[in-house]
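Open the model in your viewer and keep the selection tool at hand. The tour goes stop by stop, each with something to select.

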Amino acid sequence: MAVKFEKVDEGNYMLDVKGFTCPHPQMYTKKALQKLQSGDVLTLVFDNASSGESVISMCESEGNDLFERSDDGGTFTWKIRKG
């Protein structure tokens with residue numbers, strides 16, 4: 001099990017933390033966002049439902065925009081625009 005963080009194209013990145021439990025998805029998301037420029041988009045893929053609340057709180061406190069959320073049978077795909 002490994003964290004996958006990759007640049008998809010200009011200004012778009014993907015972080016896959018499926019298989020990780022709290023607090024790891026939030027910690028990896030925070031680290032990934034620190035590497036991005038303002039306005040870049042991070043697509044976060046995770047499967048630990050309880051991590052969602054932590055990610056939402058983090059986005060709100062850091063001024064990042066969680067603008068798209070989908071749940072495909074327990075795999076969550078969220079898009080976060082760095083503030």
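Two strands pair if DSSP finds at least two bridges between them. Keep that rule in mind for the first stops. Note also that this is a predicted model.

**Stop 1: a pair of strands**

Select E3 and E5. They pair in the antiparallel sense, over 6 bridges. Now pick out leucine 42. Which residue of E5 stands opposite leucine 42? Isoleucine 80 does.

**Stop 2: the other side of the pairing**

Keep E3 and add strand E2, residues 12-16. E2 and E3, which covers residues 41-46, run in the parallel sense and share 5 bridges. Two positions show the register. Methionine 14 has threonine 43 of E3 as its bridge partner. Aspartate 16 stands opposite valine 45 in E3.

Follow the chain from E2 onward. It passes through H1 on the way to E3, and this β-α-β crossover is right-handed.

**Stop 3: the whole sheet**

Now select every strand. How many strands does the open sheet have, and in what order? There are 5, in the order E1-E2-E3-E5-E4, and the pairing is mixed. Strand E1 (4-9) and strand E4 (65-72) are the edge strands, each pairing on one side only. Look along the sheet: neighbouring strands are turned against each other by 20 degrees on average, direction ignored.

**Stop 4: the helices on the sheet**

Select helix H1, residues 24-35. H1 packs on the sheet and touches E1, E2, E3 and strand E5 (75-81). The direction of H1 makes about 160 degrees with that of E3.

Switch to H2. This helix also packs on the sheet, with contacts to E3, E4 and E5. The direction of H2 makes about 5 degrees with that of E5.

**Stop 5: a covered strand**

Go back to E3 and show its side chains. Is E3 mostly covered or mostly open? It is mostly covered: 6 of its 6 residues are buried. Val41, Thr43 and Val45 point one way from the strand. Leu42, Leu44 and Phe46 point the other way.

**Stop 6: valine 55**

Select valine 55, in helix H2 (residues 51-62). Why does valine 55 count as buried? Its relative accessibility is 1%, and buried means under 20%. Leaving aside residues up to four places away in sequence, valine 55 touches Gln26, Thr29, Leu44, Trp78 and Ile80. For a distance check, draw a line from valine 55 to leucine 36. The two are 19 residues apart in sequence and 16 Å apart in space, C-alpha to C-alpha.

**Stop 7: a cis peptide bond**

Select cysteine 22 and proline 23. The bond joining them is a cis peptide bond, with omega at about 0 degrees. Most peptide bonds are trans. Proline 23 lies in the loop between E2 and H1.

**Stop 8: the cysteines**

Stay on cysteine 22, which is partly exposed at 34% relative accessibility. Then add cysteine 59, which is buried with a relative accessible area of 3%. How many disulfides does the structure hold? It holds 0. Why is cysteine 22 not bonded to cysteine 59? The sulfur of cysteine 59 is the closest cysteine sulfur to that of cysteine 22, but at 14 Å it is too far for a bond. A disulfide needs the sulfur atoms within 2.5 Å.

**Stop 9: salt bridges**

The count comes to 4 salt bridges. Visit three stops among them.

- Lysine 7 and glutamate 10: their side chains meet at 3.4 Å, N to O. Lysine 7 is partly exposed, at 47% relative accessible area. Glutamate 10 is exposed, at 67%.
- Aspartate 16 and lysine 18: the closest N and O atoms are 2.7 Å apart. Lysine 18 is partly exposed, at 34%. Aspartate 16 is buried, at 11%.
- Aspartate 65 and arginine 81: the closest N and O atoms are 3.4 Å apart. This pair links distant parts of the chain, with aspartate 65 in strand E4 and arginine 81 in strand E5, 16 residues apart. Aspartate 65 is partly exposed, with a relative accessible area of 36%. Arginine 81 is partly exposed too, at 33%.

Conventions
Residues numbered from 1 in each chain as written. Predicted model: local features only at pLDDT ≥ 70, side-chain atom pairs only at ≥ 80, totals over all residues. Heavy atoms only, no water. Helix = DSSP H or I, 4+ residues; strand = E, 2+ residues; numbered from the N terminus. Buried < 20%, exposed > 50% of the residue type's maximum accessible area, 1.4 Å probe, protein only. Contact = heavy atoms within 4.5 Å. Axes fitted to C-alpha atoms, helices over the stretch in contact; angles between N-to-C directions. Right-handed = clockwise from strand over helix to strand, strands pointing away.
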